[in-house]
Amino acid sequence: EQSNQTAHFLSSLGLKHRDGIAILLDNDLRFLTIAWAAQRSGLYFTPISTFFQAAEVNYILENCEARVLFTKQSILDQTNLTLPPQLTVVTLDRGPSLSWGTAISDFPITPQADAREGAEMIYSSGTTGLPKGVRFDLPLSPVGTVSDLIAKRIEMHGVNDNTKYLSTAPLYHSAPLRYNLMVSRLGGTSVIMRKFDAQQALRLIEQHRITHSQWVPTMFNRLLALPQSARDSADLSSLQYAIHAAAPCPIEVKQAMIAWWGNILYEYYSGTESNGSTAITSAESLTHPGSVGRAFHGTLRILDDDYNILPAGAIGSVYFENGTDFSYFKDEAKTAAAKSPQGFTTLGDMGYLDDAGYLYLKDRKSFMIISGGVNIYPAEIEAELHKMPEIADCAVFGIPDEEFGEAICACIQPQPGVTLEESDVRVWLRQQVAGYKMPKVWNFVSELPREDSGKIFKRKLRAPYWENAGRNI
């Protein structure tokens, strides 16, 4: 009813189909109410991270052309935003701006006569530059119409009106936002964590008899780090789907989670762009360790630098054919750069296919290190470092080197209470990788910088090395 009222309110402001709003909120249940107001109004809605700095928020607000911003005064008070003059600001708490509750109170709770399906317009995380707004065509379908990709996910993950979904991540990220909207669309229940805590997540699964959940590998690490007594006492018998994506999951971590939770881990590879997607079950992961699965949306193609299709086993850029078309809003150059001459699209990842069509990711192309003319994939080295029990997490990246162009740097986060020496890690890693893959520079840190989605923020680690090297990081 409140989403209908909000939809009527937006219409009263003069917003028409294909116009846009922005949502700058933490994990508040009203986030979904407002998202649904736009979704049922044929509008674009842009969620913005509350962790973004003022410059990033200002850029997105200006770039996305939102006409209304939904936020909280408490959030505005913590930032120094330069709000576009044409923007209407609506706050969910007290403040000088228009109050959401007051603004919608006199509008009807019934649907609009011209209700149509809208769409999210989410900005990429910006780990390698300014965030890019991912925009899809809006055919203005009748409310209730879903895309082919959403229909496939509903079937693949068994989502229905009995679903009880634990949402562990911020709602302004694409996966949690889309899955929560999918669950509510089908009449299921969402249990939304304000902030992730491993012990609380187990309690919520037991308390609410959660059937579906979504995770990133960092969360798995924190779950596995809980005392054995806490893990053994948790009743997880209701859990049917533990879906994970967003970052590479070390093989040992995934196998440990399967050993604990059973064959209910379902991994997928996709992106905000939704240009294609792969999926893999727990059983498949055990026979194809390290793979992110086979394509279920679009057809996988591995291309070399000249856009030739490569055979199985050859490493190249990962593209999808016949997936979902998209564009980067107001950036024709970046949109064109994500497409091959054949019309295939890419997220910028490198990888290869095996003979059965399973995809194995190597790394982001932008993270690939070229040292002495040799291509080195940081993710491969990181995967080996993850096997060392004393290491909690790590990040490997390239830094400037006068002789070889680039050298390898490794940042290591030891397990709590563990003291690691460079010589210890060197001796261990040298038994796992070739000499040319050994890091030249080692840093040991208590905590690696992360985005709020759990991904390691490599840009922050690389920036000090490259800021005077004349290279785009």
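**Exercise 1. Disulfides**

Work out how many disulfides this predicted model contains, looking at Cys 394 and Cys 411 along the way.

*Solution.*
Step 1. Start with the cut-off: two cysteine sulfur atoms must be within 2.5 Å to count as a disulfide.
Step 2. Take Cys 394. Its closest cysteine sulfur belongs to Cys 411 and is 9.6 Å away, too far for a bond.
Step 3. Now take Cys 411. Here the closest cysteine sulfur is that of Cys 409, at 4.7 Å, which is again too far for a bond.
Step 4. The count for the model is zero disulfides.
Step 5. Add the surroundings. Cys 394 is buried, with 2% relative accessibility, and Cys 411 is buried too, at 4%.

**Exercise 2. Two helix pairs**

Describe how α2 packs against α7, then do the same for α14 and α15.

*Solution.*
Step 1. Recall what is needed: the angle between the axes and the distance between the axes describe two packed helices.
Step 2. For α2 (residues 30–39) and α7 (residues 174–185), the axes come within 11 Å and cross at roughly 75 degrees. An angle of 65 to 115 degrees counts as roughly perpendicular, and therefore α2 and α7 are roughly perpendicular to each other.
Step 3. Find the residues that meet. On the α2 side they are Phe 31, Leu 32, Ala 35, Trp 36 and Gln 39, and on the α7 side Leu 177, Asn 180, Leu 181, Ser 184 and Arg 185. Sorted by class, this contact holds six nonpolar, three polar and one charged residues.
Step 4. Turn to α14 (residues 378–385) and α15 (residues 422–430), whose axes come within 10 Å and cross at roughly 105 degrees. That angle makes α14 roughly perpendicular to α15.
Step 5. List this contact as well: α14 supplies Ile 381, Glu 384 and Leu 385, while α15 supplies Val 425, Trp 428 and Leu 429. The classes here are five nonpolar, no polar and one charged.

**Exercise 3. Residues with a positive phi**

Locate Glu 65 and Tyr 307, and say what stands out about the phi of Glu 65 and of Tyr 307.

*Solution.*
Step 1. Keep the general rule in mind: most residues other than glycine have a negative phi.
Step 2. Glu 65 is not a glycine, yet its phi is positive, about 60 degrees. You will find Glu 65 in the loop between α3 (54–64) and β3 (68–71), where it is partly exposed at 46% relative accessibility.
Step 3. Tyr 307 is not a glycine either, and its phi is positive at about 70 degrees. Tyr 307 sits in the loop between β15 (299–303) and β16 (316–321), and its relative accessible area of 33% makes it partly exposed.

**Exercise 4. Buried or partly exposed?**

Decide whether Thr 335 is buried or partly exposed, do the same for Val 374, and name what each one touches.

*Solution.*
Step 1. The cut-off for buried is under 20% relative accessible area.
Step 2. Thr 335, in helix α13 (residues 332–337), has 11% and is buried.
Step 3. Setting aside neighbours within four places in sequence, Thr 335 is in contact with Phe 326, Ser 327 and Tyr 328. A polar atom of the Thr 335 side chain also lies 3.0 Å from the backbone oxygen of Asp 331.
Step 4. Val 374, in strand β21 (residues 374–376), has 34% relative accessibility and is partly exposed.
Step 5. Not counting residues up to four places away in sequence, Val 374 touches Ile 369 and Tyr 436.

**Exercise 5. Two loop residues**

Find a polar contact made by the side chain of Arg 40, and find the backbone nitrogen that the side chain of Asp 197 reaches.

*Solution.*
Step 1. Look for Arg 40 in the loop between α2 and β2 (44–47).
Step 2. The residues that Arg 40 touches, leaving out those up to four places away in sequence, include Ser 3, Asn 4, Gln 112 and Val 143. With Ser 3, the contact is polar, side chain to side chain, at 2.6 Å.
Step 3. Go on to Asp 197, in the loop between β9 (189–192) and α8 (198–208). Asp 197 is partly exposed, at 37% relative accessible area.
Step 4. The side chain of Asp 197 reaches the backbone nitrogen of Gln 200 at 2.8 Å.

Technical notes
Residues numbered from 1 in each chain as written. Predicted model: local features only at pLDDT ≥ 70, side-chain atom pairs only at ≥ 80, totals over all residues. Heavy atoms only, no water. Buried < 20%, exposed > 50% of the residue type's maximum accessible area, 1.4 Å probe, protein only. Axes fitted to C-alpha atoms, helices over the stretch in contact; angles between N-to-C directions. Helix = DSSP H or I, 4+ residues; strand = E, 2+ residues; numbered from the N terminus. Parallel < 35°, antiparallel > 145°, perpendicular 65-115°, else oblique. Contact = heavy atoms within 4.5 Å. Nonpolar A, V, L, I, M, F, W, Y, C, P; charged D, E, K, R; others polar. Polar contact = N/O pair within 3.5 Å; in protein donor to acceptor, adjacent residues only side chain to side chain.
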